[in-house]
Amino acid sequence: MKMILLNPGPVTLSTKVREAMLGPDLCHREPEFAQLQAEIRRRLLDVYGLDKTDWASILLTGSGTAAVEAMLSSVVPRNGHVLVIENGTYGERMTKILQRYGMPHSRIEHTWLEAPDLSRIEQQLATTPEMTHVAVVHHETTSGRLNDLKALGECCRRYRVSLLVDAVSSFGAEELDFNELPIAAIAATANKCLHGVPGTCFAIASREALASAGNASRTVYLDLQAYLEQQDRHGTPFTQSVQTFYALAAALRELEDEGGWRTRRHSYLTRINAVRSHLRNLGIEPLLAEGLSSCVLHAFYLPPTLSYANLHDALKARGFVIYAGQSNLAQQIFRISMMGEITPSDIARLCAALTEAIRPN
Ligand SMILES: Cc1ncc(COP(=O)(O)O)c(C=O)c1O
């Protein structure tokens with residue numbers, strides 16, 4: 001039985017992406033690899049229509065966290081100070097990274113159900129003149145909330161502070177206005193909204209921000225400047241994951257053929273709205289009110305009579321893998337993500353499977 005992955009990445013692959021991984025063996029020092037890398041770098045900028053004189057996409061081998069860690073440790077200058085907005089696991093992880101590197105930072109904590117509180121953020125920026133960057137998660141996958149970058153960006157501009165965005169679970173399906181927002185860099189991965197496979201992640205950085213960070217990098221392996229210098233010369237500092245590059249190139253071609261991020265957003269929304277209204281008819285309430293979640297993932301309260309494990313297993317037996325809540329939400333919620341190759345008939349089968357699991361007979 002084919003499994004449809006409704007966890008937030010890795011995703012159910014298209015045939016083209018899967019088959020792309022069977023491409024010819026390739027040495028990462030050969031011109032064919034340089035060509036593949038250049039195509040991916042160009043296509044990543046094309047997703048949001050970015051000009052390569054101002055922006056650079058930088059490819060790394062690793063999962064999404066590697067890109068987030070590379071961004072934080074390479075883009076913030078030695079005398080920088082980062083304000084982290086926490087309203088879920090991934091915001092909290094950014095704080096953990098900064099702590100581990102001993103980088104000056106402050107944090108604004110929220111519960112996992114709260115939106116970023118702009119008045120607290122503004123107050124912090126107003127009273128901490130040494131602040132240089134605000135780090136935020138765009139789509140906080142913990143709850144499914146899409147954090148409002150526009151309002152946050154306006155606030156950052158007033159205090160001449162740049163944004164560092166974890167766009168791991170939004171890049172390719174949600175709006176990211178690189179020209180309006182004061183973005184220094186974003187971090188993302190191949191295996192979520194882009195529909196590639198795990199193993200390749202990337203940052204998109206303002207060339208100016210990276211250059212003015214000076215000798216910022218705190219690590220050898222995750223040094224974005226070193227990657228950028230080499231990749232601009234069609235090289236790579238380290239061995240890259242060639243087969244996952246093949247898959248990402250195929251996935252980016254598919255995204256373009258499909259109509260780009262707006263079309264993808266529309267298909268995710270169509271899918272998740274159908275599931276959300278079906279669940280509502282079954283008496284299952286969403287965690288967040290209408291309009292607050294991303295198009296990528298919605299979280300729902302578990303029915304009182306069904307444990308997560310039982311719901312998960314009943315759906316898996318019918319070909320669908322859902323996702324648990326994390327930590328204190330684990331006993332309360334389940335999450336359904338809409339990334340990857342999912343057809344309207346998969347959604348119809350999913351709704352039937354949910355009915356059977358939640359309302360047997
Ligand atoms: C918003 C966000 N940031 C970071 C990560 C970490 O990515 P990875 O598990 O690929 O390291 C995830 C994973 O789901 C995520 O959703």
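**Note on helix packing, ligand shell and domains**

1. Helices α5 and α6 are roughly parallel to each other, because the angle between them is about 20° and angles under 35 degrees count as roughly parallel. The model is a predicted one. The axes of α5 (residues 118-127) and α6 (residues 149-158) lie 10 Å apart, and the crossing of the two helices is right-handed.

2. On the α5 side, the contact is made by L118, I121, E122 and L125; on the α6 side, A151, L152 and C155 meet them. By class, six residues of this contact are nonpolar, none is polar and one is charged.

3. The ligand has 14 residues around it. Which of them come nearest? They are S63, G64, T65, T141 and V168. Helix α3 (residues 64-75) supplies the largest share of the shell, with three residues. The shell divides by class into eight polar, five nonpolar and one charged residues.

4. The domain assignment splits the chain into domain 1, made of 4-8 and 259-358, and domain 2, which covers 15-257. Between the C-alpha centres of domain 1 and domain 2 there are 27 Å.

5. Where the domains touch, 21 residues of domain 1 are in contact with 20 residues of domain 2. Two elements, α10 (261-281) and β11 (297-301), each give two or more residues to the side of domain 1 that touches domain 2. Of these, α10 gives the most, with four residues. That side of domain 1 has 12 nonpolar, six polar and three charged residues.

Definitions and conventions. Residues numbered from 1 in each chain as written. Predicted model: local features only at pLDDT ≥ 70, side-chain atom pairs only at ≥ 80, totals over all residues. Axes fitted to C-alpha atoms, helices over the stretch in contact; angles between N-to-C directions. Parallel < 35°, antiparallel > 145°, perpendicular 65-115°, else oblique. Left-handed = near helix turned anticlockwise from the far one by under 90°. Contact = placed C-beta atoms within 7 Å. Nonpolar A, V, L, I, M, F, W, Y, C, P; charged D, E, K, R; others polar. Near = placed C-beta within 6 Å. Domains from an automatic or database assignment.
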